[in-house]
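Open the model in your viewer and keep the sequence panel visible. The stops below say what to select and what is found there.

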Amino acid sequence: MKSPFAYRPRPRPLQLASPGAAVAYLGAIVVVAFLFSNPLVLLAAGAAAVVAGLLAGARRAVWFAVKMGFALALLIVVVNALVVDRGATVVARLGEWPLLGRVDVTFEALVAGLSSGLRAAVTMVAAAVYSACVDPDRVLRSLRPLARRSALTATLVSRLVPVAAADAGRLRDASRLRGPGAAPVGKAPLARRLLAGSLDRAVDVAATLELRGYSLDAPRARNRRSRSRYDRRFYAVATFVLAAAIAVKALGADDFQAYPTVEIGLAPETLALSALVALSGLAPLRRKTNRRSPVADGTKTSLCGPESSRRQGEREVARV
Amino acid sequence: MAVASALLCAALATAGCGLGPGADVGDVRLTVTREYGAVPVLETAVEAKESDTVMRVLEGAAEISTRYGGGFVHSIEGVAEGQRGGDPYDWFFYVDGVESQVGAAESEVAGGERVWWDYRNWAATNHVPAVVGSWPAPFSDGIEGERYPVVVECDGGGGACGEVRAALAREGVKVANGEPEKALRILVGPWEQVRDDPAARAIEAGPAESGVFADLLSTSPRASTYPGHSRGLAEADELVALDEAGEPAESLGSDAGLIAATSRYGGLPVWIVTGGTAAAVGEAARSLDAEHLRDHYAVAIDHGKTVPLPLEAP
């Protein structure tokens, strides 16, 4: 079964956009999460990442990331509550602990931990959406002019790690199929065999790359890919969100204070930014159109709605 | 199951666990001042709870803001750290007259302490290890809940030593005999003898070393007036008051006494009751009370008049 975070091509705007646009869009959400500590803004950023992922069809990735992010946030809240005893409102006294000394759980430490946890969760969800919706090959291809060898190495790693994992699965299956009477195979022999197989494969891959001329200078791009029609949308949303966040931050509207008492600012600028950030999650929304769209052979078709959109998406996937 | 739960609850309660801030442990006297105690801002008693710290006591009584994750006081009653006239100003606190080794958020209170916050210029030094302004603390209640024996070291102080013992007795402090290893010491005597103590001698190195804004300078030699003095000639030491910048501001002469507190290498505070002459030492010893010392870092006693140190910079 494929990992929920593995990239799946789908005819959705986020997948069809160029990697730069998708990274800028998701990166803007993460930057907002790191710029602000106000839980309201962080919740808005989290909502944007979740909605973007759902609209991009990465439901499983979002669900897993939300679960993992929630667990991580909970861990951060608990650790912060135990380690930091600052804050005026003592919720519980847990006595003397080894290493930690006197542990007082304060409401302020819980809220501060929640703020940090939310930031981590937002980052995880955005990363999951990126992983599930942005084609890694396209990312590496776009990096190739900048760092050819690194891009090639990253491509090989991203290809060979799953192959090695599959090898390990096959070896385990083979050892089990020898029957209950056979001596158990330890982890060390399994790892040795896996390493030997990986080295063999590495030699084969190196020979293949040599034969294909990878040792020579990189050929000039034969056909430059045209930009996706969704790029402008994602770049515009990213720019707008970042500009608004920086402006609001410069105005001093990040009015969140955890210590000595919790103060969560609800200034109009903060509320407006939260709404804007939350709405930015709708950027990957597919526009339903009733227009008659031309098909590749130049004829017109009466297909419209989801079917038309799906086909259009497929064409874009093919073009990409 | 019920018995196990009851036992667990009892164990937790015994270990100081529970919900909320805990029971009352007594009052904490909170004083907030500015300019080395010269400008009073707040004076109140706060009922402390089991889980209270210096920061929580302050937060409960004054409007404050913090920095660095709540561990550092940025402002009290709107007076914030910063630069004034090119000099750095910050909030410093003392618990029972002793500079805390930990931050306000970590400094626990147990009830009965005197917490003093002061906003001051720290261009000369940011480290004043002990102050006299919380008298009779630390002799009356100890430091951080631990009581120490109190020793009066009479270094040629004569009758002044008796005055100091009497002042301590009036506050209910019992003076220990002998030389206990860890003790709160009060050195009493003329400067030329008191300065033999390494902690006291730090005063000559300036406020950055001792935290005391005073200096005792030698003048022309004259016949020793101190009984038991080994030298034939002694130098009358003249008390010089320093300003906030640590610069000499006013010479108070050899007849002015000094009451100051310092400490060496983070050890227990050492109080010094001294002066250039026996009369000066006696005058300083007679001023050992709350009326003369309250909310001052150190004081000079000049012909019966209390001169808080440091002097205000011109």
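Select strand β10 of chain B and colour its side chains by face. In this predicted model, B:Arg114, B:Trp116, B:Asp118 and B:Arg120 lie on one side of β10(B) and are all buried. On the other side B:Val115, B:Trp117, B:Tyr119 and B:Asn121 are buried as well, and both faces are thus covered. Side chains in a regular strand alternate between the two faces of the sheet. The strand runs from residue 114 to 121, and eight of its eight residues are buried, so β10(B) is largely enclosed by the rest of the structure.

**The partners of β10(B)**

Keep β10(B) on screen and add β2(B). The two strands run parallel and are joined by six bridges. To find the register, label B:Leu30, which stands opposite B:Val115 in β10(B).

Now add strand β8 of chain B, residues 87-95. Its pairing with β10(B) is antiparallel and extends over seven bridges. Here the pair to label is B:Asp90 and its bridge partner in β10(B), B:Arg120.

**B:Thr33**

Go back to β2 of chain B, residues 24-34, and select B:Thr33 in that strand. Is this residue buried or exposed? With a relative accessible area of 1%, B:Thr33 is buried, because the cut-off for buried is under 20%. Its side chain makes a polar contact of 2.8 Å with the side chain of B:Trp116, a residue of β10(B) met at the start of the tour.

Show the surroundings of B:Thr33, leaving aside residues up to four places away in sequence. The residues that B:Thr33 touches include B:Trp116, B:Trp117, B:Asp118 and B:Tyr119. Other residues on the list are B:Val39, B:Pro40, B:Val41, B:Trp91 and B:Asp295.

**An open sheet in chain B**

Hide the previous selection and show β4, β5 and β6 of chain B. These three strands form an open sheet in the order β4-β5-β6, with antiparallel pairing. β4 (64-67) and β6 (79-80) stand at the edges with a single partner strand each, so one side of each has no neighbour in the sheet. Between β4(B) and β5 (residues 72-76) there are four bridges. Label B:Ser65 and look across to B:Ser75, its bridge partner in β5(B).

**B:Ser263 in a loop**

Next select B:Ser263, in the loop between β16 (257-262) and β17 (270-275) of chain B. B:Ser263 has a relative accessibility of 11% and so counts as buried. Which backbone atom does the side chain of B:Ser263 reach? It is the oxygen of B:Gly267, at 3.5 Å. Apart from residues up to four places away in sequence, B:Ser263 touches B:Pro129, B:Leu268 and B:Pro269.

**A nonpolar patch on chain A**

Move to chain A and switch on the surface. Select A:Leu72, A:Leu75, A:Val79, A:Val83, A:Trp97, A:Leu99 and A:Leu100, which make a nonpolar surface patch of about 690 Å². Which helix gives the most to this patch? Helix α4 of chain A, residues 59-83, does, with four residues. A:Val79 is located in that helix; its relative accessibility of 43% puts A:Val79 in the partly exposed class.

**A:Leu195**

Then select A:Leu195, in helix α8 (residues 187-211) of chain A. A:Leu195 counts as exposed, because its relative accessibility is 52% and the cut-off is over 50%. Draw a distance from its C-alpha to that of A:Ala164: the gap is 8.8 Å in space and 31 residues in sequence.

**Both chains in full view**

Zoom out and colour by secondary structure. Chain A has 11 helices and four strands, whereas chain B has eight helices and 19 strands. Of the 320 residues in chain A, 36% are buried; of the 314 in chain B, 52% are.

Finally, show the surface of each chain. Chain A has an accessible surface of about 18,600 Å², with 64% belonging to carbon and sulfur atoms. For chain B the exposed area is about 13,500 Å², and carbon and sulfur atoms supply 51% of it.

Methods
Residues are numbered from 1 along each chain as its sequence is written. Chains are lettered from A and ligands numbered from 1 in the order in which they are written. This is a predicted model: local features need pLDDT of at least 70, side-chain atom pairs count only at pLDDT 80 or more; totals for chains, interfaces and linings use all residues. Side-chain values use heavy atoms; hydrogens and water are left out. Two strands pair if DSSP finds at least two bridges between them. Patches are made of residues with over 30% relative accessible area and no salt bridge: like charges are joined within 9 Å, nonpolar side chains (Val, Leu, Ile, Met, Phe, Trp, Tyr) within 5 Å. Accessible areas come from the Shrake-Rupley method with a 1.4 Å probe; for residues, only the protein chains shown count as cover. A salt bridge is a side-chain nitrogen of Lys or Arg within 4 Å of a carboxyl oxygen of Asp or Glu. Buried means under 20% relative accessible area, exposed over 50%, partly exposed in between (1.4 Å probe, protein chains only). A polar contact is a pair of N or O atoms within 3.5 Å; within protein, one must be able to donate a hydrogen and the other to accept it, and residues adjacent in sequence count only if both atoms are side-chain atoms. Contact means heavy atoms within 4.5 Å.
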